[in-house]
Amino acid sequence: MATMAECRSALDKLSDNLAAADGDVRSAAALDRSLSCHLRDLDVTLAGRLQNGRIEVLEEHPGPPREKAQIRLAMTGDDLIAMVDGDLNFAKAWASGRVKLEAGLRDLLQLRKLL
């Protein structure tokens with residue numbers, strides 16, 4: 001099972017990857033939205049913002065999200081790390097239920113460029 005430090009490191013790496021992206025990926029990452037990621041196996045939620053092509057974690061708390069973010073993810077810590085490392089395909093993980101993504105229709109259309 002992944003540790004909280006490993007999960008935070010994976011989010012930092014993802015943020016760096018988004019910031020370095022170009023083209024459609026860069027435009028999709030340029031959204032300004034609240035974001036939450038519930039790590040089910042650790043029962044911890046990381047909440048923050050996707051802004052200017054970066055993910056900024058503003059808060060970490062036990063349990064499910066306290067507020068409804070505009071973009072909501074739920075997965076295990078191991079799946080987060082595997083996706084960021086390129087070992088797990090997001091679309092397949094989402095289709096199988098390993099990863100949950102909830103967002104408004106407009107945001108989903110933008111986010112598909114990232115996925």
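The buried residues of helix α3 pack against α1, β1, β4 and α4. This holds for a predicted model, and α3 offers a convenient point of entry into it. The residues concerned are Gly77, Asp79, Leu80, Ala82, Met83 and Val84, which are buried in α3. Because 6 of the 8 residues of α3 are buried, the helix is largely enclosed by the rest of the structure. After α3 comes Gly86, which has a positive phi near 85°.

Leu80 leads from α3 to the nonpolar interior. The largest nonpolar core comprises 28 residues, and Leu80 is listed with Leu39, Ile71 and Met75 as having the most contacts inside it. At least two residues of this core come from each of α1 (4-20), β1 (33-39), β2 (44-51), β4 (71-75), α3 (77-84), α4 (90-96) and β5 (100-103). The greatest contribution is that of α1, with 5 residues. In soluble globular proteins, nonpolar side chains tend to be buried together.

The surroundings of Leu39 show how several of these elements meet. Apart from residues up to four places away in sequence, Leu39 touches Met4, Cys7, Val44, Leu46, Met75, Thr76, Gly77 and Leu80. Two of these residues, Met4 and Cys7, are among the buried residues of α1, while Gly77 and Leu80 are among those buried in α3.

Helix α1 may now be considered in its own right. It has 17 residues and spans 24 Å from its first C-alpha to its last, close to the 24 Å expected at 1.5 Å a residue. Its buried residues are Met4, Cys7, Ala10, Leu11, Ser15 and Leu18. Viewed down the axis of α1, these buried residues fall within an arc of 140°, and therefore line one face of the helix. Ala5 and Ala20, on the other side of α1, are exposed.

Cys7 raises a further point, that of disulfide bonding. The model contains 0 disulfides. For Cys7, the nearest cysteine sulfur is that of Cys37, 7.8 Å away, and Cys7 is in no disulfide. A disulfide requires two cysteine sulfur atoms within 2.5 Å, so the 7.8 Å from the sulfur of Cys37 to its closest counterpart, in Cys7, is too far for a bond. Both cysteines are nevertheless shielded: Cys7 is buried with a relative accessible area of 0%, and Cys37 counts as buried at 5% relative accessibility.

Cys37 in turn leads to Thr45, a residue of strand β2. Thr45 is buried, with a relative accessible area of 0%. Its side chain is joined to that of His38 by a polar contact of 2.9 Å. Neighbours within four places in sequence aside, Thr45 is in contact with Ser36, Cys37, His38, Glu59, Glu60, His61, Gly63, Pro64 and Pro65.

Another buried residue with a polar side chain is Asp107, in helix α5 (residues 105-111). The relative accessible area of Asp107 is 7%, so this residue is buried. Beyond residues up to four places away in sequence, Asp107 touches Leu31, Arg33, Gln70 and Ile71. Through Ile71, these contacts return to the core, where Ile71 is among the residues with the most contacts.

The loops complete the picture. Most residues other than glycine have a negative phi. Against that background, two loop residues deserve attention. Asp43, in the loop between β1 and β2, has a positive phi near 50°. At 40% relative accessibility, Asp43 counts as partly exposed. Asn52, in the loop between β2 and β3 (54-62), also has a positive phi, of about 55°, although it is not a glycine. With a relative accessible area of 58%, Asn52 is exposed.

The loop between β3 and β4 holds Glu67, which is exposed with a relative accessible area of 68%. Glu67 and Ser34 are 33 residues apart in sequence, and their C-alpha atoms are 9.9 Å apart in space.

Methods:
Residues numbered from 1 in each chain as written. Predicted model: local features only at pLDDT ≥ 70, side-chain atom pairs only at ≥ 80, totals over all residues. Heavy atoms only, no water. Buried < 20%, exposed > 50% of the residue type's maximum accessible area, 1.4 Å probe, protein only. Core = buried A, V, L, I, M, F, W, Y, C linked by side-chain atoms within 4.5 Å. Helix = DSSP H or I, 4+ residues; strand = E, 2+ residues; numbered from the N terminus. Contact = heavy atoms within 4.5 Å. Expected span 1.5 Å × (residues − 1). Arc of directions from axis to C-beta. Polar contact = N/O pair within 3.5 Å; in protein donor to acceptor, adjacent residues only side chain to side chain.
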